[in-house]
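Let's take a walk through this model together, one region at a time. Keep the viewer open and follow along.

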Amino acid sequence: KNKKFYCLEMFPYPSGRIHMGHVRNYTMGDVVARYKSLKGFNVLHPMGWDAFGLPAENASRENNLSPMKWTKENIDQMKKQLKMLGLSIDWSKEIATCDPSYYKHQQELFIDFYNNGLISRKETYVNWDPVEKTVLANEQVINGKGWRSNALVERKKLYQWFLNITKFSDDLLDGLKNLDGWPDKVKLMQKNWIGKSFGCEIIFDIDNTDEKIKVFTTRPDTIFGATFLAISPDHKISKKFYQNQDFLKFKEISSKIGTTEEAIALAEKHGFDTKLKAKHPFIKNKLIPVYIANFVLMEYGEGAIFGCPAHDQRDFEFAKKYNLEIIQVVKSDGEKDTLPYTSGGKIINSDMLNGMDVEKAKIEVIKKVENLKIGKKKIQYRLKDWGISRQRYWGCPIPMIHLKNGQIVPVDKSELPIKLPDNIDLKSSGNPLENHKDWKRTIYKKTGEPALRETDTLDTFVDSSWYFIRFC
């Protein structure tokens, strides 16, 4: 009870040789470990290897080696070099994520999470690396390109496994208040990453049809500056154009953009004119055009936005390109504002909102929308569920099986670990596990019926999210 504990964990990727960056980091860690030990702390100072991932798979493909052999040789070499430095590392606690004794527990965690509703499988758009032929997390897309292949990332629709972290959006935000020792700038980054915003859903009627388009906006105060609607290429209304060759070409071009905010912001804005017109909810007899736009994703709100070009950079670029109306509805205290103007000020050209400040106007519009029963106040988050599937061999197998009736169920825990096969063809196109003739065929233990294993493996970010618990 009275003992003081201190934990310092090392977890490099086994690339084959240590470099001065390793020496610097581990020397600093060693100094702290020795200092804490001398101060009477019970110090845990272990070493582990973040050993799964595409680099090993790619190196093995190029050198005609198994990823396990390549990885183990690298670990042996780095371990030998690290020992020569005389660091106070406790090698009896050494772990490697590619070892079945490690990923057995990860598979068990996966099953527990799944059984408790914390993991789900759904079809969604993902960042697809056409060279690596795998899904990338947003953090693995740099300037619209894959972090390792440098290939332009595409938008692709796939069934993926997700950790349902959006269930904890408010808990994560509230938890920031308890991080007293954290720098304010880091807490602000976390807050912005979760991105809680208050906004409004507004329903637009489509002229001469029974169709309606529901949009979400964080800027309902600019509703009188709305001059077009933009919907996702996958919006239900977009499906009316699936026989239109011009639309199909547009859709194909749109798929060449990834799903990250950065990729969408940097991409040239393209639109397809549906020729449909939406009725403005507050301006009588005003009709605004409906475009299908490459910068609108189904994952955002309802897959539709209203465009207010005077007060949004993306909408401004789009309106300029397609010669759409630009109406300023927020004015600063200065003489003349440069458009798009995105700061606060007083509302103008907006009927009953004129003279109000932005925040008051937002409340007024939401109240009006709810009274007219054409929408409601809504909370939105930037945070998305974490896609953890990867279409590759060298990763932790996902312990799920597909039954003949379409059901997907966990394997029995007594079968863990589900190990990777050794006889794999890494030169085959696509997912090597999907192409393996035997490995994916299995039996559902409860019924004895034939089943197919899940052939996606887990993202290495999963491996490195809980290793500190395994050390302990």
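Start with the sulfur of Cys472: the closest cysteine sulfur, in Cys7, sits 4.8 Å away, which is too far for a bond. A disulfide is a covalent bond between the sulfur atoms of two cysteines. The cut-off used here is a pair of cysteine sulfur atoms within 2.5 Å, so at 4.8 Å Cys472 and Cys7 don't qualify. Keep in mind that this is a predicted model. Searching the whole structure turns up 0 disulfides, and Cys7 is in none, with the sulfur of Cys472 as its nearest cysteine sulfur. As for their surroundings, Cys472 counts as exposed because its relative accessibility is 72%, while Cys7, at 34%, counts as partly exposed.

Now head for the inside. Which residues have the most contacts within the largest nonpolar core? They are Met47, Trp49, Leu82, Phe110 and Trp161, in a core of 47 residues. Helix α3 (residues 67–84) gives this core its largest share, 4 residues. There's also a second, separate core of 36 residues, and Leu229, Ile288, Phe306 and Val358 are included in it.

Two of those well-connected residues, Met47 and Trp49, take us to strand β3 (residues 46–49), where they are buried on one side. Pro46 and Gly48 are buried on the other side, so both faces of β3 are covered, given that buried means under 20% relative accessible area. Looking past its neighbours within four places in sequence, Met47 is in contact with a long list of residues, among them Met10, Tyr26, Leu82, Trp91, Ile95 and Phe471. Strand β3 runs parallel to strand β4 (residues 90–96), and 3 bridges join them. If you want a spot to zoom in on, the bridge partner of Pro46 in β4 is Asp90.

Next up is an open sheet of 4 strands, paired antiparallel in the order β6-β5-β9-β19. Strands of a sheet pair through backbone hydrogen bonds, either parallel or antiparallel. Here β6 and β19 (386–387) are the edge strands, because each pairs on one side only. Further in, β5 (residues 119–129) and β9 are antiparallel and share 10 bridges. Within that pairing, Glu123 stands opposite Tyr159 in β9.

Right next to Tyr159 in the numbering is Gln160, also in strand β9 (residues 154–163). Is Gln160 buried or exposed? Its relative accessible area is 1%, so Gln160 counts as buried. The C-alpha atoms of Gln160 and Glu123 are separated by 6.2 Å, although these residues are 37 apart along the chain. Setting aside residues up to four places away in sequence, Gln160 touches Ser120, Arg121, Lys122, Val126, Val135, Ser389, Gln391 and Asp456.

Gln391 is a handy link to the last stop, Thr134, because heavy atoms within 4.5 Å count as a contact and Thr134 touches Gln391 too. You'll find Thr134 in strand β6 (residues 134–136), and it is buried because its relative accessible area is 1%. Where does the side chain of Thr134 meet the backbone of Gln391? A polar atom of that side chain lies 3.2 Å from the backbone nitrogen of Gln391. Besides Gln391, and not counting residues up to four places away in sequence, Thr134 touches Leu54, Asn127, Trp128, Asp129 and Arg390.

Key:
Residues are numbered from 1 along each chain as its sequence is written. This is a predicted model: local features need pLDDT of at least 70, side-chain atom pairs count only at pLDDT 80 or more; totals for chains, interfaces and linings use all residues. Side-chain values use heavy atoms; hydrogens and water are left out. Helices (H or I, at least four residues) and strands (E, at least two) are DSSP runs, numbered from the N terminus. Buried means under 20% relative accessible area, exposed over 50%, partly exposed in between (1.4 Å probe, protein chains only). Two strands pair if DSSP finds at least two bridges between them. A nonpolar core is a set of buried Ala, Val, Leu, Ile, Met, Phe, Trp, Tyr and Cys residues joined through side-chain atoms within 4.5 Å. A polar contact is a pair of N or O atoms within 3.5 Å; within protein, one must be able to donate a hydrogen and the other to accept it, and residues adjacent in sequence count only if both atoms are side-chain atoms.
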